[in-house]
Amino acid sequence: MDVLQQLISGLMLGSLYALLAVAFTLVIGVLNFLNFSIPGIFMMGGMISWGLMSQTNMVWWLAMAIALAACVVASLLVERFTYRFMKMRFGDATEHATPLVSSLGFLILFQGLVLIKWGPEMQYFPSPWQDPNLRIGELVIGLPQLASLILALVLVGGLSLLLARTGLGRAIRAIAESPDTAAMLGIRVNRIVPAVFIISGLLAGLAGVLFSLNYLQASPRMGDEIATLAISAMVLGGLGSVWGAVIGGLFLGLVQVMVIQFFGAEFLRAILWGLLLVIIVVRPQGVFGGSKISKGKF
Amino acid sequence: MLLELDNLHVRYGRTEAVNGVSLKQKEGEIVAVLGANGAGKSSLLKALAGIVTPASGTIRYDGEDITKLRVDQRIDRGIVLVPEGRRILISLTVEENLQLGAHQRADRSGLNDEIAAIYDQFSNLKERRHMEASCLSGGEQQMLAIGRAMLAKPRLMMLDEPSLGLSPLLVQQVFSLISELNTGGLSILLIEQNTSMALSVANHALLFELGRTVMAGTAEELTKDDVLRQAYLGG
């Protein structure tokens, strides 16, 4: 029973990694751009909803909706001043490291703004539920955990349908393969690329809200460690593969709880990162990547 | 006039790729632009499609100045490019490539029938419709590129080196397809290094050298021209 309980917790933790990993992998897959501002957007999802709830007594769902809207705006700002800026200046943004570095600048900016506004302390995140736990026999399932898992699967399912079946998805995949060809075919690349950032920002912000709901805390640095895990999940799954990122995320969540269960928390980092190192050495293209080491396409 | 170019210049930095070209094309005509590699033919076509912005000069289409319109706005008006090297998206399926041709069409009624008509014409594409386009041969990719352009409902189709890299048999097929499309009423602007094939289907032709028109006339006139015969038709 204990193992089953841990299995469920692992999957639910993993779903947070998965959401964040998909946020990363989408931008890499389409634009070959590792967007380092994503942990900042994740953090703003948690901090802004906390700030609105605790300081203006706003009802939780409205606070979270506003926080998510702020995350989308932040993501569009990043698009405008990193990717699009390079594209306008140099005609191509995918072969340069500059957008990556400027996105790191945005991460520092986002964290700095939150620090100025609310300080560096870890904040208690109020739970919207009286009793956040669902009990089935001896199993205890946290409602926020359940919400994370269901939302992650539904959103990623929706995203892959969007990519596979709609005109927008087709245009996104065309841009992912060749922005020049897409432009020649009359696809308005500058209209489509922001859509990618909107989706990515929304997923990152939502992961931040769900993280805060799960752990009842928010802090300006809450995105740092989880983002390294999300990037690892993405690499595990193969760059640019949406379902690869999901499976990588769930896998890391499972490994994390199992290591704590069987070896103890003090071994967590050594085993987790050691395992990742081994996997990357054995299979550098990721478990679900193609035969060649991916530059990061779907 | 369907298409009228007046003193068009295209520059890349300091390089003058198209150096003052004027051209007139009537509806229903095939016009061929001939010339060696690097003569500026592709740059001309890119300027017409809206992919590069001309440094100066005007492009009029059906009486309207379209010099500053975007690619998608020109496609809306029926100016559709079949690019050099075909530019098939190999990670997408054959059918998705076809659908991309129609991706911005407002009127999507009849699209499925049009796709079915293309499959009737090219059975190889139909067999592979749900496979990645990377599985197609060069000839099949050219047919796919032309099919994709057809789905944009073109009035003026511009083909950039459609015979490039194809076997003589396939070149024949591509050119008979071009004639067939033209018989159906489509105006065609064709860029070719295969001078004899291009002249065999064209009404009018221009010879390009270093971004300038050095010779222009009906296809018969150019076919009989001694200079052209020696330089481009092998004597």
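Two aromatic rings of Phe, Tyr or Trp (its six-membered ring) make a pair if their centres lie within 6.5 Å. In this predicted model, six such pairs turn up over all chains.

Take Phe33(A) and Phe197(A) to begin with. Their ring centres sit 6.2 Å apart and the planes meet at 40°, so this pair goes down as tilted, the label for angles that are neither under 30 degrees nor over 60. The two residues come from distant parts of the chain, 164 residues apart. Phe33(A) belongs to the loop between α1 (2–31) and α2 (38–56) of chain A, while Phe197(A) is part of helix α8 (residues 189–215) of chain A. As for their surroundings, Phe33(A) and Phe197(A) are both buried.

Then there are the tryptophans. The rings of Trp60(A) and Trp129(A) have a centre-to-centre distance of 6.5 Å and an angle of 40° between planes, so they too form a tilted pair. Trp60(A) lies in helix α3 (residues 60–90) of chain A and Trp129(A) in the loop between β1 (123–124) and β2 (133–136) of chain A, so the pair ties together parts 69 residues apart in sequence. Here the accessibility lands between the 20% and 50% cut-offs: Trp60(A) has a relative accessible area of 37% and is partly exposed, and Trp129(A), at 30%, is partly exposed as well.

Rings also gather in a cluster, where ring pairs link Phe42(A), Phe211(A) and Tyr215(A). Finally, a ring can have a charge for company: the charged end of Arg80(A) sits over the ring of Phe81(A), at 5.4 Å from its centre.

How values were computed
Residues are numbered from 1 along each chain as its sequence is written. Chains are lettered from A and ligands numbered from 1 in the order in which they are written. This is a predicted model: local features need pLDDT of at least 70, side-chain atom pairs count only at pLDDT 80 or more; totals for chains, interfaces and linings use all residues. Side-chain values use heavy atoms; hydrogens and water are left out. Helices (H or I, at least four residues) and strands (E, at least two) are DSSP runs, numbered from the N terminus. Buried means under 20% relative accessible area, exposed over 50%, partly exposed in between (1.4 Å probe, protein chains only). A charge sits over a ring if NZ of Lys or CZ of Arg is within 6 Å of the ring centre and within 35 degrees of the ring normal.
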